[in-house]
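Reader: I've got a model open on my screen and I'd like to talk it through. Can you walk me around the inside first, then the surface?

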Amino acid sequence: MENKSGAYLAWASICIIWGTTYLAIRIGVQDLPPMLFAGFRWIIAGPLLAGVLILKGYTLPKREELKQLFIIGVALLGITNGLVVVAEKWIPSGLTALLISTLPLWVVLLEWIISGFARVNAKIVGGVILGFAGVSIIFIDDISYLLKSEYLWGIISIMIAMISWAGGSLYSKRITLSTKPLMSASFQMFFAGLVQTIVGLSIGEWSAFHFTPDSLLAYLYLLIIASVLGYGSYIYAISHLPVSFVTTYAYVNPVIALFLGWLVLDEKLNVLIGVSAVVILTGVWLVQKGIKSAQNN
């Protein structure tokens with residue numbers, strides 16, 4: 001039986017790492033144009049990770065696999081991350097976190113359709129809904145923003161981003177690549193960054209691209225921690241675990257963010273947040289139980 005402890009550790013790391021990125025992105029887009037901010041992050045992170053892996057003896061992808069890596073990279077990062085960064089320029093980070101938490105819902109829906117309306121049981125569906133309910137409890141004050149017309153395009157951007165991320169994740173799971181997951185991730189990052197950079201330059205963002213001390217720190221954090229460590233961990237996790245489970249990180253991220261705020265910034269935790277954390281973790285547990293039941297049938 002395959003030892004999946006490393007994959008679960010990778011899942012736990014993205015729960016923590018990506019729980020910190022909402023604020024970093026929000027800080028960055030205050031001063032930097034969104035597409036170049038995102039593009040320069042990935043176009044550097046990809047070769048950086050690839051260089052480290054080559055020194056460790058990893059082999060480069062085969063030429064015939066570059067097309068698949070391009071598709072995955074653009075779907076997961078080029079479109080998804082690009083639209084999230086654009087959206088965060090206009091909508092609050094709390095609303096962004098709430099909308100991103102719909103990701104497992106999209107994964108389960110698309111997986112159900114792709115599998116011919118099979119492979120999804122009541123436990124998985126119940127767990128996904130329970131997890132989203134838990135996140136909604138945390139961001140209950142942000143739900144009213146959904147009705148504000150000035151946030152409409154930001155909301156639409158996030159929804160398209162989540163569908164793209166879900167589709168890209170499932171596509172990645174269904175194809176067979178000989179390239180190691182981390183090396184695959186490095187090329188996906190580069191391809192996504194290349195596309196985002198071309199888009200940013202073509203719409204005239206270069207003239208507005210000027211680092212400030214805060215945006216530079218946000219950029220470096222996203223480049224090294226969120227990109228190299230976070231995305232590398234995600235690709236490794238989905239190569240060894242069901243996508244419907246891995247994407248439950250979107251439920252755990254807000255809990256981690258709030259916990260870190262309490263631990264580092266002395267922000268207050270209340271009973272409502274504690275209740276939501278229990279609801280979310282119960283949802284994640286149900287998804288995992290449902291996946292095991294589906295695999296045994």
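**Inside and outside**

Author: Sure, starting inside. H4 gives the most to the lining of the largest cavity, with four residues. Keep in mind that this is a predicted model.

Reader: How many cavities of 30 Å³ or more does a search of the whole structure find, and what volume does the largest cavity have?

Author: Rolling a probe the size of a water molecule over the atoms shows where empty space is left. Here, a search of the whole structure turns up one cavity of 30 Å³ or more. As for its volume, the largest cavity comes to about 280 Å³.

Reader: Which residues lie nearest the centre of the largest cavity?

Author: The lining is made of 17 residues. By class, 12 of them are nonpolar, four polar and one charged. Helices H2 (21-28), H3 (34-55), H4 (66-88), H8 and H12 (249-265) each supply at least two lining residues. Nearest the centre you'll find Trp-18, Thr-21, Asn-81, Ile-100 and Tyr-249.

Reader: Now the surface. Which helix gives the most to the nonpolar patch?

Author: The patch is formed by Ile-79, Leu-152, Trp-153, Ile-156 and Ile-160, with about 490 Å² of accessible area together. Four of its residues come from one helix, spanning residues 152-174. That's helix H8.

Reader: And why does Ile-160 count as partly exposed?

Author: Ile-160 sits in helix H8 and belongs to the nonpolar patch. Buried means under 20% relative accessible area and exposed means over 50%, with partly exposed in between. Ile-160 counts as partly exposed because its relative accessibility is 43%.

Technical notes:
Residues are numbered from 1 along each chain as its sequence is written. This is a predicted model: local features need pLDDT of at least 70, side-chain atom pairs count only at pLDDT 80 or more; totals for chains, interfaces and linings use all residues. Side-chain values use heavy atoms; hydrogens and water are left out. Patches are made of residues with over 30% relative accessible area and no salt bridge: like charges are joined within 9 Å, nonpolar side chains (Val, Leu, Ile, Met, Phe, Trp, Tyr) within 5 Å. Accessible areas come from the Shrake-Rupley method with a 1.4 Å probe; for residues, only the protein chains shown count as cover. A salt bridge is a side-chain nitrogen of Lys or Arg within 4 Å of a carboxyl oxygen of Asp or Glu. Buried means under 20% relative accessible area, exposed over 50%, partly exposed in between (1.4 Å probe, protein chains only). On a 1 Å grid over the protein atoms alone, a cavity is a set of points where a 1.4 Å probe fits but cannot get out, and a pocket is an open set with protein on both sides within 12 Å along at least five of seven lines; lining residues have an atom within 4 Å of a point. Grid points are joined across faces, edges and corners, and a volume is the space filled by probe spheres set on the points. Ala, Val, Leu, Ile, Met, Phe, Trp, Tyr, Cys and Pro count as nonpolar, Asp, Glu, Lys and Arg as charged, and the others, Gly among them, as polar.
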